[in-house]
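Please look through the structure below with the text beside it. The paragraphs take its parts one at a time.

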Amino acid sequence: MLINKYISETGFCSRRETNRLIAAGRITINGRVCEKGAEVEPHDVVLIDGKEIPRNDSKPVYIALNKPIGIVCTAAAHVEGNIIQYMNFPSRIFAIGRLDKASEGLILLTNDGGIVNKMMRSEHNHDKEYVVTVDKPITDEFVKSMSEGVEILDVVTKPCEVYRQSDNVFRIILTQGLNLQIRRMCKALGYRVLKLERIRIMNITLDQLERGQWRHLEQVELEILLSQLNEIK
């Protein structure tokens, strides 16, 4: 099993955070500093900072947070305003994916490492919906270009759904998650994002959740989410 999958399934941290720990040389396998892409066998001894990884045997937790601006979606304790300190949850959880510091809205947190990869991989085409305010009136050409794909980061973004909501506000539904994707797409077309809010991930919505508040997923929406993920091979 790949090391980042192995650690994420312990509930210690996400795959993304595992990669950061690897880059910092903080993970060892059988006494040797772990390298990116390393694999773990059942008999291997994996340590983080010289200590065994605590297994997360607690009940699975699935949380929706309406993230405020300024909170950073990382478990790194040295990062001021990190999401784990903000949540101050009594057991270990980590964020599924990211929402940049300047953005707000829906982000999911869990201790269930098994669902994270299925939700994160862009080829699984999971919808994420955003409401975006920009610095000047939205044109038909802007909507067309955004929906058909924009060249950023040496790739052309996947086609997506874009709807003008008012003169300076549009909604966009993405199925991929490139770094700062919406902000970069807008910039490439001559627009600057003034406000970016995520309002939906798959079937999970903010559901009148106030900024800064969080809730456990309701049983029905959790069952729908997990059934969609279980369809993935």
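Two strands pair if DSSP finds at least two bridges between them. The model shown here is predicted, and its strands are a convenient place to begin.

Four strands form an open sheet, in the order 2-1-3-4, with antiparallel pairing. At its edges are strand 2 (32-33) and strand 4 (51-52), each of which pairs on one side only. Further in, three bridges hold strand 1 (residues 27-29) and strand 3 (residues 46-48) in an antiparallel pair. One residue of this pair can be followed across: the bridge partner of Ile 29 is Val 46 in strand 3. In a regular strand the side chains alternate between the two faces of the sheet.

The next strand to find is strand 7 (residues 104-110). How many of the seven residues of strand 7 are buried? Buried means under 20% relative accessible area, and seven of the seven residues of strand 7 meet this, so the strand is largely enclosed by the rest of the structure. Several pairings involve strand 7. Strand 5 (residues 62-67) runs antiparallel to strand 7 and is joined to it by six bridges. Strand 6 is also antiparallel to strand 7, with three bridges between them. Strand 13, by contrast, pairs with strand 7 in the parallel sense, over two bridges. Single residues show where these strands meet. Leu 108 of strand 7 stands opposite Ala 64, and Leu 108 is also the bridge partner of Ile 96. On the parallel pairing, Gly 105 has Arg 198 in strand 13 as its bridge partner.

Now turn to a single residue in a helix. Glu 17 lies in helix 2 (residues 15-23). Is Glu 17 buried or exposed? Its relative accessibility is 8%, so Glu 17 counts as buried. A polar atom of its side chain lies 3.1 Å from the backbone nitrogen of Ala 75. Setting aside neighbours within four places in sequence, Glu 17 is in contact with Cys 73, Thr 74, Ala 75 and Ala 76.

Cys 73 leads to the question of cysteines. A disulfide is a covalent bond between the sulfur atoms of two cysteines. How many disulfides does the structure hold? It holds zero. Cys 73 counts as buried because its relative accessibility is 5%. Cys 34 is buried as well, with a relative accessible area of 5%.

Helix 5 (residues 140-148) gives a view of packing. Its buried residues are Phe 142, Val 143, Ser 145, Met 146 and Ser 147. What do the buried residues of helix 5 pack against? They pack against strand 11 (161-166), strand 12 (169-174) and helix 6 (181-188). Just after helix 5 comes Gly 149, which takes a positive phi of about 125 degrees. The two strands in this packing also pair with each other: strand 11 and strand 12 are antiparallel, over five bridges. A hairpin of two residues joins strand 11 to strand 12. Within this pairing, Val 162 has Ile 172 in strand 12 as its bridge partner.

Aromatic rings come last. A search of the whole structure finds three aromatic pairs. In one of them, the rings of Phe 89 and Trp 214 have centres 5.7 Å apart and planes at 75 degrees, so the pair is edge-to-face. This pair links distant parts of the chain, 125 residues apart: Phe 89 is in the loop between helix 3 (83-87) and strand 6 (94-96), and Trp 214 is in strand 15 (residues 214-216). Phe 89 is buried, with a relative accessible area of 18%, whereas Trp 214 is partly exposed at 34%.

Another pair brings back helix 5. The rings of Phe 142 and Tyr 191 have their centres 4.3 Å apart and their planes at 45 degrees, so this pair is tilted. It too links distant parts of the chain, with Phe 142 in helix 5 and Tyr 191 in the loop between helix 6 and strand 13 (193-201), 49 residues apart. Phe 142 counts as buried at 3% relative accessibility, and Tyr 191 is buried with a relative accessible area of 9%. Together with Phe 170, Phe 142 and Tyr 191 form one aromatic cluster. Over the face of Tyr 191 lies Lys 136, at 4.8 Å from the ring centre.

Key
Residues are numbered from 1 along each chain as its sequence is written. This is a predicted model: local features need pLDDT of at least 70, side-chain atom pairs count only at pLDDT 80 or more; totals for chains, interfaces and linings use all residues. Side-chain values use heavy atoms; hydrogens and water are left out. Buried means under 20% relative accessible area, exposed over 50%, partly exposed in between (1.4 Å probe, protein chains only). Contact means heavy atoms within 4.5 Å. A polar contact is a pair of N or O atoms within 3.5 Å; within protein, one must be able to donate a hydrogen and the other to accept it, and residues adjacent in sequence count only if both atoms are side-chain atoms. Rings of Phe, Tyr and Trp (its six-membered ring) pair if their centres lie within 6.5 Å; planes under 30 degrees apart count as stacked, over 60 as edge-to-face and the rest as tilted. A charge sits over a ring if NZ of Lys or CZ of Arg is within 6 Å of the ring centre and within 35 degrees of the ring normal. A disulfide is a pair of cysteine sulfur atoms within 2.5 Å.
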